[in-house]
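Biologist: I'm new to reading protein models, and I'd love a close look at a single part of this one. Could you pick a helix and walk me through how it sits among its neighbours?

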Amino acid sequence: MSANTAANKSTVRRFRKIALLEGISFILLVFIAMPLKYWADFPLAVKYVGWAHGVLFIAYVFSLIQCWTEYSWKFGRVLLFFFASLLPFAPFVVEKRLKAEAN
(Lines give C-alpha, C1' and ligand atoms only; values in the text may rest on other atoms or scores of the structure.)
Protein backbone atom coordinates (compact mmCIF):
# COMPACT_ATOMS: atom_id res chain seq x y z
CA MET A 1 0.00 0.00 0.00
CA SER A 2 1.44 3.35 -0.97
CA ALA A 3 1.75 6.25 1.46
CA ASN A 4 -0.87 8.20 -0.50
CA THR A 5 -3.40 5.34 -0.26
CA ALA A 6 -2.77 5.05 3.48
CA ALA A 7 -3.26 8.80 3.90
CA ASN A 8 -6.54 8.64 1.98
CA LYS A 9 -7.79 5.78 4.13
CA SER A 10 -6.93 7.69 7.28
CA THR A 11 -8.80 10.74 5.93
CA VAL A 12 -12.00 8.80 5.32
CA ARG A 13 -11.59 6.94 8.63
CA ARG A 14 -11.30 10.30 10.43
CA PHE A 15 -14.39 11.58 8.58
CA ARG A 16 -16.34 8.47 9.62
CA LYS A 17 -15.38 9.01 13.28
CA ILE A 18 -16.31 12.69 13.13
CA ALA A 19 -19.65 11.82 11.45
CA LEU A 20 -20.41 9.38 14.26
CA LEU A 21 -19.51 11.89 16.99
CA GLU A 22 -21.40 14.69 15.24
CA GLY A 23 -24.48 12.47 14.98
CA ILE A 24 -24.29 11.58 18.68
CA SER A 25 -23.88 15.23 19.67
CA PHE A 26 -26.89 16.20 17.53
CA ILE A 27 -29.04 13.50 19.17
CA LEU A 28 -27.93 14.64 22.63
CA LEU A 29 -28.67 18.25 21.76
CA VAL A 30 -32.13 17.68 20.29
CA PHE A 31 -33.44 14.89 22.52
CA ILE A 32 -31.74 15.54 25.87
CA ALA A 33 -30.30 19.06 26.18
CA MET A 34 -33.22 20.94 24.62
CA PRO A 35 -35.87 19.16 26.72
CA LEU A 36 -33.74 19.87 29.79
CA LYS A 37 -33.63 23.53 28.85
CA TYR A 38 -37.36 23.94 28.27
CA TRP A 39 -38.91 21.40 30.65
CA ALA A 40 -36.43 21.39 33.53
CA ASP A 41 -35.28 25.01 33.27
CA PHE A 42 -31.67 23.90 32.78
CA PRO A 43 -30.26 26.05 29.95
CA LEU A 44 -26.65 25.08 30.61
CA ALA A 45 -27.27 21.71 28.97
CA VAL A 46 -27.90 23.42 25.63
CA LYS A 47 -24.97 25.76 26.15
CA TYR A 48 -22.39 23.01 26.60
CA VAL A 49 -23.85 20.31 24.36
CA GLY A 50 -24.57 22.95 21.72
CA TRP A 51 -20.99 24.20 21.90
CA ALA A 52 -19.63 20.66 21.49
CA HIS A 53 -22.03 19.98 18.62
CA GLY A 54 -20.97 23.21 16.90
CA VAL A 55 -17.30 22.25 17.08
CA LEU A 56 -18.07 18.77 15.76
CA PHE A 57 -20.22 20.20 12.96
CA ILE A 58 -17.34 22.43 11.84
CA ALA A 59 -14.96 19.46 12.01
CA TYR A 60 -17.46 17.44 9.95
CA VAL A 61 -17.61 20.08 7.22
CA PHE A 62 -13.82 20.52 7.10
CA SER A 63 -13.30 16.77 7.01
CA LEU A 64 -15.93 16.44 4.27
CA ILE A 65 -14.12 19.05 2.19
CA GLN A 66 -10.83 17.26 2.75
CA CYS A 67 -12.33 13.95 1.58
CA TRP A 68 -13.89 15.73 -1.40
CA THR A 69 -10.53 17.03 -2.57
CA GLU A 70 -8.50 13.89 -1.80
CA TYR A 71 -11.00 11.41 -3.25
CA SER A 72 -12.40 13.61 -6.03
CA TRP A 73 -15.91 12.88 -4.80
CA LYS A 74 -18.72 14.10 -7.02
CA PHE A 75 -20.42 17.31 -5.96
CA GLY A 76 -23.75 15.51 -5.51
CA ARG A 77 -22.21 13.10 -3.00
CA VAL A 78 -20.63 15.95 -1.04
CA LEU A 79 -23.92 17.84 -1.04
CA LEU A 80 -25.78 14.73 0.15
CA PHE A 81 -23.26 14.18 2.96
CA PHE A 82 -23.50 17.85 3.93
CA PHE A 83 -27.30 17.76 4.13
CA ALA A 84 -26.99 14.56 6.15
CA SER A 85 -25.26 16.59 8.85
CA LEU A 86 -28.43 18.68 9.21
CA LEU A 87 -30.68 15.71 10.10
CA PRO A 88 -30.43 14.05 13.51
CA PHE A 89 -29.88 10.41 12.47
CA ALA A 90 -28.40 10.87 8.98
CA PRO A 91 -24.71 11.09 10.02
CA PHE A 92 -25.00 7.48 11.19
CA VAL A 93 -26.12 6.50 7.68
CA VAL A 94 -23.13 8.34 6.20
CA GLU A 95 -20.75 6.55 8.56
CA LYS A 96 -22.28 3.15 7.79
CA ARG A 97 -22.16 3.77 4.04
CA LEU A 98 -18.49 4.79 4.14
CA LYS A 99 -17.65 1.80 6.32
CA ALA A 100 -19.32 -0.51 3.81
CA GLU A 101 -17.37 1.09 0.97
CA ALA A 102 -14.11 0.58 2.83
CA ASN A 103 -14.76 -3.15 3.19
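**A close look at helix α2**

Modeller: Happy to! Let's start with the whole chain: of its 103 residues, 31% are buried. Please keep in mind that this is a predicted model. The protein chain has four helices and zero strands, so along the sequence you can read the pattern α-α-α-α. Its C-alpha trace spans about 55 × 25 × 20 Å along the principal axes. If you take the contacts between residues at least 6 apart in sequence, 68% of them join residues at least 24 apart.

Now to our helix. With 28 residues, α2 reaches 40 Å from its first C-alpha to its last, which is close to the 40 Å expected at 1.5 Å a residue. An unreviewed UniProt entry lists residues 48–68 as a "transmembrane region", along with 18–36 and 75–94. In the model, the span 48–68 is 100% helix and 0% strand, and its end C-alpha atoms lie 30 Å apart. For residues 18–36, the chain is again 100% helix and 0% strand, with 25 Å between the end C-alpha atoms.

Which residues of α2 are buried? They are A45, V46, H53, Y60, S63, L64 and C67. Here is a handy rule for looking at such a list: an α-helix has 3.6 residues a turn, so residues three or four places apart point the same way.

Next, follow the chain past the end of the helix. Just after α2, S72 takes a positive phi of about 55°. Then comes the neighbour I'd like you to meet, helix α3, which covers residues 75–84, while α2 covers residues 44–71.

How do we describe such a pair? Two packed helices are described by the angle between their axes and the distance between the axes. The axes of α2 and α3 come within 11 Å and cross at roughly 170°. An angle over 145 degrees counts as roughly antiparallel, and therefore α2 and α3 are roughly antiparallel to each other. From α2, the contact is made by F57, Y60, V61, L64 and W68, and from α3 by F75, V78, F81, F82 and A84. Sorted by class, this contact has 10 nonpolar residues, no polar ones and no charged ones. Try finding Y60 and L64 on your screen: both are buried residues of α2, and both take part in the contact with α3.

Note on methods
Residues are numbered from 1 along each chain as its sequence is written. This is a predicted model: local features need pLDDT of at least 70, side-chain atom pairs count only at pLDDT 80 or more; totals for chains, interfaces and linings use all residues. Side-chain values use heavy atoms; hydrogens and water are left out. UniProt positions are given in the numbering used here, feature names are shortened, and annotations may be inferred rather than shown by experiment. Helices (H or I, at least four residues) and strands (E, at least two) are DSSP runs, numbered from the N terminus. Axes are lines fitted to C-alpha atoms, for helices over the stretch in contact, and angles run from 0 to 180 degrees between N-to-C directions. Angles under 35 degrees count as roughly parallel, over 145 as roughly antiparallel, 65 to 115 as roughly perpendicular and the rest as oblique. Contact means heavy atoms within 4.5 Å. Ala, Val, Leu, Ile, Met, Phe, Trp, Tyr, Cys and Pro count as nonpolar, Asp, Glu, Lys and Arg as charged, and the others, Gly among them, as polar. The expected span of a helix is 1.5 Å times one less than its number of residues. Buried means under 20% relative accessible area, exposed over 50%, partly exposed in between (1.4 Å probe, protein chains only).
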